[in-house]
Amino acid sequence: FTVSISFVAILSLVADLGMNPLFTRLFAEAEEDVAAHKRDRRGVLLGSALALRILLSVLCALLLFVIAPLLYPTAMVNTMAILLISLIISSRMLIVRSVGEAVLRGRGKYYLAAWFALFDAIAFAILMVLAAYRHVHLDEVLWIYTLSNVPGFFMLAWSVWKWVRREKITVQVKLSSMVDMVKTSLPLALGTAFLTIHTQIDNLLLDKLSTPLEVSSYGATMRLSAAMAPFSLVFAAVTAPELTKLLRREDHSRAKQMTSISLRLLLVVGAAIALIVTSLSGMIVPLMLGGKYASASTLLIWTGWMLIPIFVATLLMDLSVAAGYTWFMTAFAGIAMVAVIIGDLILIPANGAVGAMASKLIAVTLGAGTMIWLSRNTGHLDSGRFASAFVRTGLATGVALGAFWTLRSWSLNETLSTLIMLAIYYLAIHFTRVLPMEEITSLVKRIRLPSDNTSA
């Protein structure tokens, strides 16, 4: 399951080309142009983006049937073929469906894309519960994984179709627009390729350099951490179009203010998640994954702390693309990819999944540092204020961890110790003024939906 998904995800780079953040920026700019009574480019953007993605998906499918048989047995190639449907309907593969989601993000309606994904999650949960009452094979699980995206896909298509009709948009496909999209996305394509390899290569190298148990332990732990990662993804999805619009209006002070508050909020939340995972990993892993993965508790702790650089890098990547600095993402992803491959080759043979996790943590930390350094002289990042917030958040985290270990040494209940630790952490955050409440309120006002934006 893990290897099939990782291989198709890497191969889908052919269809991705890093254009998702570009599409969001283009649609956000087009919406701003329409509001300013300029030429309406939305129909050409939508038609050209859809046509381009469908053509690239066909190419991706052809490559799978050429390359996969050279590397894997026929049975695994068949399971990978099932996942090709995901290129069209999935919000995880980020190919065709992502065009519609870019439309919603550009219009400030990302909440709709998240709402549609909720129906996918419900469908997946129901199908998996039903499957639990009978023995299912791997290909059946992959069918469930793939087809659970159908409800959200049709809801998204219906929402975009309603918007096209309501706005009287004429959808057109222009070859020149498709070529321009490909040219503009070249730095992003390279960055997305690096990023996808960085994300998926651990599973494939573990499969070759270690044991199936290490692959499953690592894959299961990363899927648990994936439940925590969307916070930064959603935050970036909401703030990036807003930054594009602010920069389009040349409102640089408010753009920098929004970025500063967003980064500090992610720091605070990321550290809080890391603290919770550190204190309760022994309870979370057996509860969520079962007894056979009990030894993965240490891996989960590592993923918790890994979320802090991931949160920062994710937001800065999306904001840099929104601001037009497309090559920043390429630099981040390139460093992260090289670091994780070197680290995996050195650490996996002797340490298995633990080595892969250590390699990943080092890679994302180096990558996040690169993003911060590159963004220091841009018009949307106050690097001095971020550095100050990082230090103060680190001090608050250290105080909270010290309190937790002290309470545990007194044999206090684990859950109660965690609650007290979190209370101490947030008190420290409050008194060091890392994130004053008035700034959070300002951010919410900046990105809130207008009262008349209630329809799809």
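**Exercises on an all-helical predicted chain**

The chain has an accessible surface of about 20,300 Å², and carbon and sulfur atoms hold 69% of that area. Accessible areas come from the Shrake-Rupley method with a 1.4 Å probe, and for residues only the protein chains shown count as cover. The model is predicted: local features need pLDDT of at least 70 and side-chain atom pairs count only at pLDDT 80 or more, while totals for chains, interfaces and linings use all residues. Residues are numbered from 1 along each chain as its sequence is written, and side-chain values use heavy atoms, with hydrogens and water left out.

**Exercise 1. The fold as a whole**

Determine how the radius of gyration of the chain stands against that of a compact globule, and state which secondary structure elements the chain has.

Step 1. Helices are DSSP runs of H or I with at least four residues, strands are runs of E with at least two, and both are numbered from the N terminus. On this basis the chain contains 21 helices and zero strands.

Step 2. The radius of gyration is taken over C-alpha atoms, and the globule rule is 2.2 Å times the number of residues to the power 0.38. For 456 residues a compact globule would have a value near 23 Å; the chain has 22 Å, which agrees.

Step 3. The C-alpha trace spans about 70 × 60 × 40 Å along its principal axes.

**Exercise 2. Burial, contacts and charge**

What percentage of the 456 residues in the chain is buried, and how far apart are the mean positions of its positive and negative charges?

Step 1. A residue is buried under 20% relative accessible area, exposed over 50%, and partly exposed in between (1.4 Å probe, protein chains only). Buried residues account for 53% of the 456 in the chain.

Step 2. A contact means heavy atoms within 4.5 Å. Of the contacts with a separation of 6 or more, 82% join residues 24 or more positions apart.

Step 3. Lys and Arg count as positive, Asp and Glu as negative, and His and the chain ends are not counted. Each charge is placed at NZ of Lys, CZ of Arg, CG of Asp or CD of Glu. The mean positions of the 36 positive and the 25 negative charges lie 5 Å apart.

**Exercise 3. Helix α3**

Is helix α3 largely enclosed by the rest of the structure or not, and why?

Step 1. Helix α3 covers residues 19–35, which is 17 residues. The expected span of a helix is 1.5 Å times one less than its number of residues. From first to last C-alpha, α3 reaches 24 Å, close to the 24 Å expected at 1.5 Å a residue.

Step 2. Because 15 of its 17 residues are buried, α3 is largely enclosed by the rest of the structure.

Step 3. Glutamate 32 lies in α3 and counts as buried at 16% relative accessibility. Its C-alpha is 28 Å from that of methionine 371, which is 339 residues away along the chain.

Step 4. After α3 comes histidine 37, which has a positive phi near 65°.

**Exercise 4. Three helical residues**

Describe the surroundings of serine 6, alanine 363 and methionine 283, leaving aside neighbours within four places in sequence.

Step 1. Serine 6 belongs to helix α1 (residues 2–11) and is buried at 1% relative accessible area. Its contacts are Gln200, Asn203 and Leu204.

Step 2. Alanine 363 belongs to helix α18 (residues 353–375) and is buried at 0%. It contacts His198, Ala336, Ala339 and Val340.

Step 3. Methionine 283 belongs to helix α15 (residues 252–289) and is partly exposed at 39%. It contacts Glu414 and Thr415. Its C-alpha is separated by 54 Å from that of alanine 36, 247 residues away along the chain.

**Exercise 5. Positive phi in loops**

In which loops do lysine 168 and arginine 433 lie?

Step 1. Lysine 168 lies between α10 (150–166) and α11 (175–184). It is exposed, at 72% relative accessible area, and its phi is near 55°, a positive value in a residue other than glycine.

Step 2. Arginine 433 lies between α20 (414–431) and α21 (437–447). It is partly exposed at 47%, and its phi is positive, near 55°.
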